[in-house]
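Trainee: Could you pick one part of this model and take me through it closely? I'd like to see what it touches and where the charged side chains nearby find their partners.

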Amino acid sequence: GDGSRSSLQDYLINEVGDRVYFETDKHNINSSSAFKLETQANWIKSTPGFTIILEGHCDERGTREYNLALGERRANSVKEFLVSMGVDASRIMTVSYGKERPAADGSTSESWAENRRVVTVIGE
């Protein structure tokens, strides 16, 4: 790619995978997430010149405050994993959106599962 943010983000989404999912009320990295994050870590390490933002998200259940805290724990657990795989911590920022930015609408177990996630976004 040409190294622009949008081309890096497109590559991340289409070739690497930009999100991992979590169980209800959990922030631990499961084995399928670990595999995807190892791939992300290798790509980030081999592609210098940008930072990433880890966006923590939750489903609609629970209070706003609870979900902001849970989203933060999710984003931080992904950050810790990536750092443990050799990504420089100074390249990683975290933010929690709690339940404010759902990926899927509705109050079904499927939409809740899609909303319990951390999304990796290319920063500056």
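**A serine and its surroundings**

Mentor: Happy to! Let's start with S111, which lies in helix α4. Keep in mind as we go that this is a predicted model. S111 counts as buried because its relative accessibility is 4%, and the cut-off for that label is under 20%. Setting aside residues up to four places away in sequence, S111 touches A104, D105 and G106.

Now move to A103, whose place is in the loop between β3 and α4. Unlike a buried residue, A103 is partly exposed, since its relative accessible area is 38%. Beyond its neighbours within four places in sequence, A103 is in contact with R19, E114, N115 and R117. Take N115 from that list: A103 and N115 are 12 residues apart in sequence, yet their C-alpha atoms are 5.5 Å apart in space.

R19, another contact of A103, brings us to the charged pairs. In general, side chains of opposite charge can pair when their charged atoms come close. R19 does this with D18: the two form a salt bridge, and their closest N and O atoms are 3.2 Å apart. That is a salt bridge because the distance falls within 4 Å. The partners have differing surroundings: R19 is partly exposed at 26% relative accessible area, while D18 is buried at 8%.

That pair is part of a wider picture, as a search of the whole structure finds 4 salt bridges. Another of them joins the side chains of R116 and D59, again at 3.2 Å from N to O. This one links distant parts of the chain, with R116 in the loop between α4 (109-115) and β4 (117-122), D59 in the loop between β2 (52-57) and α3 (64-84), and the two positions 57 residues apart. R116 is buried, with a relative accessible area of 9%, and D59 is buried too, at 5% relative accessibility. The pair does not stand alone either: salt bridges link D59, R61 and R116 in a network.

One more bridge brings us back to the loop that holds A103. The side chains of E100 and R64 meet in a salt bridge, 3.4 Å from N to O. Here too distant parts of the chain are linked: E100 is in the loop between β3 (92-98) and α4, R64 is in helix α3, and they are 36 residues apart. E100 counts as partly exposed, at 45% relative accessibility, and R64 is also partly exposed, at 45%.

For contrast with those charged pairs, have a look at how two helices meet. Helix α1 (residues 5-16) and helix α2 (residues 31-46) pack with their axes 11 Å apart and at an angle of about 145°. The crossing of α1 past α2 is right-handed. On the α1 side, the contact is made by L8, Y11, L12 and V16, and on the α2 side by K36, T39, Q40 and W43. By type, the residues of this contact divide into 5 nonpolar, 2 polar and 1 charged.

How values were computed
Residues numbered from 1 in each chain as written. Predicted model: local features only at pLDDT ≥ 70, side-chain atom pairs only at ≥ 80, totals over all residues. Heavy atoms only, no water. Buried < 20%, exposed > 50% of the residue type's maximum accessible area, 1.4 Å probe, protein only. Helix = DSSP H or I, 4+ residues; strand = E, 2+ residues; numbered from the N terminus. Contact = heavy atoms within 4.5 Å. Axes fitted to C-alpha atoms, helices over the stretch in contact; angles between N-to-C directions. Left-handed = near helix turned anticlockwise from the far one by under 90°. Nonpolar A, V, L, I, M, F, W, Y, C, P; charged D, E, K, R; others polar.
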